[in-house]
Amino acid sequence: MNASRPNTPLLDQVQSPEDMKQFSDAQLCQLADELRQETISVVADTGGHLGAGLGVVELTTAIHAVFDTPKDRLIWDVSHQCYPHKILTGRRDQMRTIRQGGGLSGFTKRNESPFDPFGAAHSSTSISAALGFAVARDLGGAPEHGLGDAIAVIGDGALSGGMAYEAMNNAGHLGKRLIVVLNDNDMSIAPPVGAMSSYLSRLYAGEPFQELKAAAKGAVSLLPEPFQDGAKRARDMLKHMTVGGTLFEQLGFSYVGPIDGHDMEQLLNVLRTVKTRAQGPILIHAITQKGKGYAPAESSADKYHGVSKFDVISGKQHKAPSNAPSYTSIFAQSLIKAAEKDTKITAVTAAMPDGTGLDLFAERFPNRCFDVGIAEQHAVTFCGGMAAGGLKPFCALYSTFLQRGYDQIVHDVAIQRLPVRFAIDRAGLVGADGATHAGSFDIAFLANLPGFVVMAAADEAELVHMVATAVALDDRPSAFRFPRGSGTGVDIPDKGSVLEIGKGRMIAKGSKVAILSFGARLSEVEKACEHLGAKGITPTIADARFAKPLDRDMILQLAADHEALITVEEGAVGGFGSHVMQLLSDEGVFDHGLKFRSMVFPDTFIDQDSPAKMYAAAAMNADDIEAKVLDVLGVGQINARAN
Ligand SMILES: Cc1ncc(C[n+]2csc(CCOP(=O)(O)OP(=O)(O)O)c2C)c(N)n1
Ligand SMILES: CC(=O)[C@@H](O)[C@H](O)COP(=O)(O)O
Ligand SMILES: [Mg+2]
């Protein structure tokens, strides 16, 4: 814990936004300052998402001061910027548990507070959800707190996601009262990309910001004509403030801005006027700074998007030492090596260049690396097009975000049997980001697609081989998955070997029970078998490598040679184990009495914790595997432990 806590006399009086209502504007300014210090102090102790929260401190304070939350529904896009919001909405005392087991979520969550009307963590959903609340309000839906205004706060990065436009298209057509605040800090996780980002910059680049500030003192003048009393004067002023009809106006929104999202006076004036006068959809364009008010964040390249615990004075983060390189870096290095030899290799990231390691690839091959923004659907089809055009695209996405592009995988890749290579990072349970970020479903949703090759790396050496295999596999789509974090520390081959498609490998020959692992649980399987060995039980261990196509020969042989077969995978039901079961059933193996167990994630969403504890909750650690073996062999756990 950082020694001193900030002095927060006003914040100490706020248990809920209701308590802010009697504050003067000057006090609200001070409250925002205190909120910023408190946010820094919390995240220094816990780690988590910091830069985005610091950028919306004034916005958060002003929205809660002006609007009537939770009756007015405030929806944070992605919601990684929600820490100040949580502090103001009755959760300050629990903030130091954030992202930990049993603690607060790092994102908004419906079951955590009525002030979180809609859960988020994946991007670009806020306008759709807010529009849903607006329609529910107008059609008489009246849950617990009644329904007031619907307010979406969406970042410029999130605005690169297609859903945001689908929602604006619908909202502009419906014409319902809906408030969208565009929190434009000219940053995503990495610097933002794309034509939309350039467009937003043009909306304020040439503007004399100080003049705007002055103009905003009379906030009414910020509003478009329908809301103006002095229509003519305001129209003239608006001409200075926007670059002619904005895209948002063309879509049917009233556009207000750009305004200074750190100027409380401006924000309060604008929000109060919007609250009083808005009729249809309105977009308030607020210019903010990611990391605002904390020098180490402001000056760092990533604006302290996501940080470990850190020292408040120096800003130095306490990163846990690692004994092995990360899977991500092994993937990136392997791909770079392959791309040095094969000029057809390209790589695509959806706004996660650092997270996927493609920042390294981009340094080496700037023309062959594409950051498409938060646009996973486009990323997949874009790769489909490149593959159809004769390139060898690697679509590098986190498992959880790949979910966004599923129809594109089916329709634009699999049905056309296009050789897109999916490098699926963050497969399995990821830890502090919790259920929204768990990579649980990709095995199931890919292995059921005809023609797909689906691999999982048991360790970082295997990952090197799988990259080589994917490069070589040029007649159909393929995917290889690997977990978040450090590898196991095995020797890493200089050069990957191309694996035989659909062939697993034997790790250890034993008897009675065979454990067939798919992916990175293999080390836990080996640990379990060490313990079992001490009890006189020596399972056979095999690494399947492929969930599709299955190694039929190996699986049928394991079934023939053992009393029991157990599959283990880091994924939900419907994946590898289900395919093995289908094979065994089709081949009539169960007719002859094979005992079969499939270890998969339970049918629940597992909340955030350390990965080891999440795997314990999923009953998939070494001791769970050991217990499963004992159970299937009918050996009592207690007796076995006593032996
Ligand atoms: C669908 C999806 N893809 C990727 C991400 C990862 N991600 C989380 S925050 C973020 C950047 C968001 O930028 P912006 O909306 O501008 O918010 P800021 O952090 O700048 O406040 C990204 C890419 C995500 N949450 N959801
Ligand atoms: C909010 C979000 O989606 C990302 O910031 C995510 O938390 C990053 O996760 P990694 O730390 O695994 O890259
Ligand atoms: Mg941003």
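From which domains does the shell around ligand 1 draw at least three residues each? The shell draws on domain 1 (11-307) and domain 2 (327-481), with domain bounds taken from an automatic or database domain assignment. The model is predicted: local features need pLDDT of at least 70, side-chain atom pairs count only at pLDDT 80 or more, and totals for chains, interfaces and linings use all residues. Residues are numbered from 1 along each chain as its sequence is written, while chains are lettered from A and ligands numbered from 1 in the order in which they are written.

**Overall form**

The protein has 26 helices and 19 strands; helices (H or I, at least four residues) and strands (E, at least two) are DSSP runs, numbered from the N terminus. Its C-alpha trace spans about 85 × 60 × 50 Å along the principal axes. Of the 643 residues, 54% are buried, meaning that 20 or more other C-beta atoms, placed from the backbone, lie within 10 Å of the residue's own.

**Ligand shells**

A residue counts as near a ligand if its C-beta atom, placed from the backbone, lies within 6 Å of it. For ligand 1, 24 residues form the surroundings, and Ala52, Ser123, Gly155, Gly157 and Ala158 are the closest. Around ligand 2 stand Val78, His80, Ile189, Gly306, Gly355, Arg426, Val430, Asp433 and Arg484. The ligand 2 shell also takes at least three residues from each of domain 1 and domain 2.

The table sorts residues by class: Ala, Val, Leu, Ile, Met, Phe, Trp, Tyr, Cys and Pro are nonpolar, Asp, Glu, Lys and Arg charged, and the others, Gly among them, polar.

| Group | Nonpolar | Polar | Charged |
|---|---|---|---|
| Shell around ligand 1 | 11 residues | 9 residues | 4 residues |
| Shell around ligand 2 | 3 residues | 3 residues | 3 residues |
| Side of domain 2 that touches domain 3 | 17 residues | 4 residues | 3 residues |

**Domains 2 and 3**

Domain 3 covers residues 505-642. The C-alpha centres of domain 2 and domain 3 are 27 Å apart. Contact, defined as C-beta atoms placed from the backbone lying within 7 Å, links 24 residues of domain 2 with 28 residues of domain 3. On the domain 2 side, α19 (442-447) and β12 (453-456) each supply at least two residues, and β12 gives the most, with 4 residues.

**Nonpolar core**

A nonpolar core is a set of buried Ala, Val, Leu, Ile, Met, Phe, Trp, Tyr and Cys residues joined through C-beta atoms within 7 Å. The largest one has 195 residues, of which Ala130, Ile151 and Cys395 touch the most other members. Helix α1 (residues 25-46) contributes the largest share of this core, 8 residues. Leaving out residues up to four places away in sequence, Ala130 touches Arg73, Ile75, Ala150, Ile151, Ala152 and Leu178.

Methods:
Buried ≥ 20, exposed ≤ 12 C-beta atoms within 10 Å, placed from the backbone. Contact = placed C-beta atoms within 7 Å.
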